[in-house]
Structure formats: structure tokens, C-alpha cells
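Biologist: Got a minute to go through this one with me? Pull it up and we'll talk it over.
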Amino acid sequence: MPEQDEFEREFDLRWADSAEHKEPSARARMLAARWKDNPPEPVPFRPEPGPGRSRRASWWKTALILAGVTAGVVALVWARVRASY
């Protein structure tokens with residue numbers, strides 16, 4: 001019996017997919033109605049950078065991470081030297 005149910009389900013899916021007219025989704029209908037009176041403005045794929053911080057202003061973050069790694073390495077070396085006494 002499960003094979004027959006699966007066959008009927010597959011038949012229904014093929015029948016639905018082969019329909020000539022497919023109704024748009026509710027969201028597509030809503031957007032079409034909204035855009036009929038007020039169409040959206042085109043949006044560039046990569047917009048121009050705004051008046052924000054530049055990418056070069058993050059050098060202090062790199063310096064902070066490098067200082068942290070250096071402190072960690074120094075602490076490990078110091079612990080190993082202390083343990084050898």
C-alpha cells in the first residue's frame with residue numbers, strides 16, 4: 001500500500017508541475033500590487049561606500065591582535081623556562 005501512495009503522490013506532483021498557468025504566490029501578488037503605483041528604485045549590486053570609517057582605520061585592531069599573540073608566546077616560553085629549573 002505505501003508504494004501506491006507514493007505513486008499517486010508522484011503522479012499529482014507531475015500533473016501540478018505540468019500545468020500551463022501557474023498562479024503567483026501571495027507575496028508576488030502583493031509586491032506587484034504595491035509596485036504598480038510606486039515602483040522600486042534600482043539598487044546597484046555593490047553600492048558606493050558611504051561616509052563611514054575607511055578600511056585602513058583598523059590598523060590598531062591588527063596591532064592589538066599581534067600584541068596579544070606575542071604576549072601569549074612570551075608567556076608560554078617563560079613558563080617553559082621556569083619549569084626547567
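Biologist: Which helix has the lowest mean pLDDT, and which the highest?
Modeller: This is a predicted model, and helix α1, residues 2-17, has the lowest mean pLDDT among the elements, at 67. Helix α2, residues 26-37, has the highest, at 93.
Biologist: Hmm, what should I do with low pLDDT parts?
Modeller: Where pLDDT is low, don't read the predicted coordinates in detail.
Biologist: And what's the mean pLDDT of the protein?
Modeller: The mean is 81, with 80% of the residues reaching 70 or more.
Biologist: OK, fold next. How many helices and strands?
Modeller: Three helices and zero strands, so along the sequence you read α-α-α.
Biologist: How much of the protein is buried?
Modeller: Buried residues make up 1% of the 85 residues. The protein exposes about 9100 Å², and carbon and sulfur atoms supply 62% of that.
Biologist: Which residues make the nonpolar surface patch?
Modeller: Ile65, Val69, Val73, Val77, Val81 and Tyr85 make a patch of about 640 Å².
Biologist: Where does Val77 sit?
Modeller: Val77 is in helix α3, which covers residues 59-83.
Biologist: Switching to charges: how many salt bridges does the count come to?
Modeller: The count comes to one salt bridge. Glu23 pairs with Arg29, and their closest N and O atoms are 3.0 Å apart.
Biologist: Is Glu23 buried or exposed?
Modeller: Glu23 is exposed, with a relative accessible area of 61%. Its partner Arg29 is partly exposed, at 40%.
Biologist: What lets side chains like that pair up?
Modeller: Opposite charges can pair when the charged atoms come close.

Technical notes
Residues numbered from 1 in each chain as written. Heavy atoms only, no water. Helix = DSSP H or I, 4+ residues; strand = E, 2+ residues; numbered from the N terminus. Buried < 20%, exposed > 50% of the residue type's maximum accessible area, 1.4 Å probe, protein only. Areas by Shrake-Rupley, 256 points an atom, 1.4 Å probe, with all protein chains shown as cover. Salt bridge = Lys/Arg side-chain N within 4 Å of Asp/Glu carboxyl O. Patch = residues over 30% accessible without salt bridge, like charges linked within 9 Å, V, L, I, M, F, W, Y side chains within 5 Å. pLDDT = per-residue confidence, 0-100.
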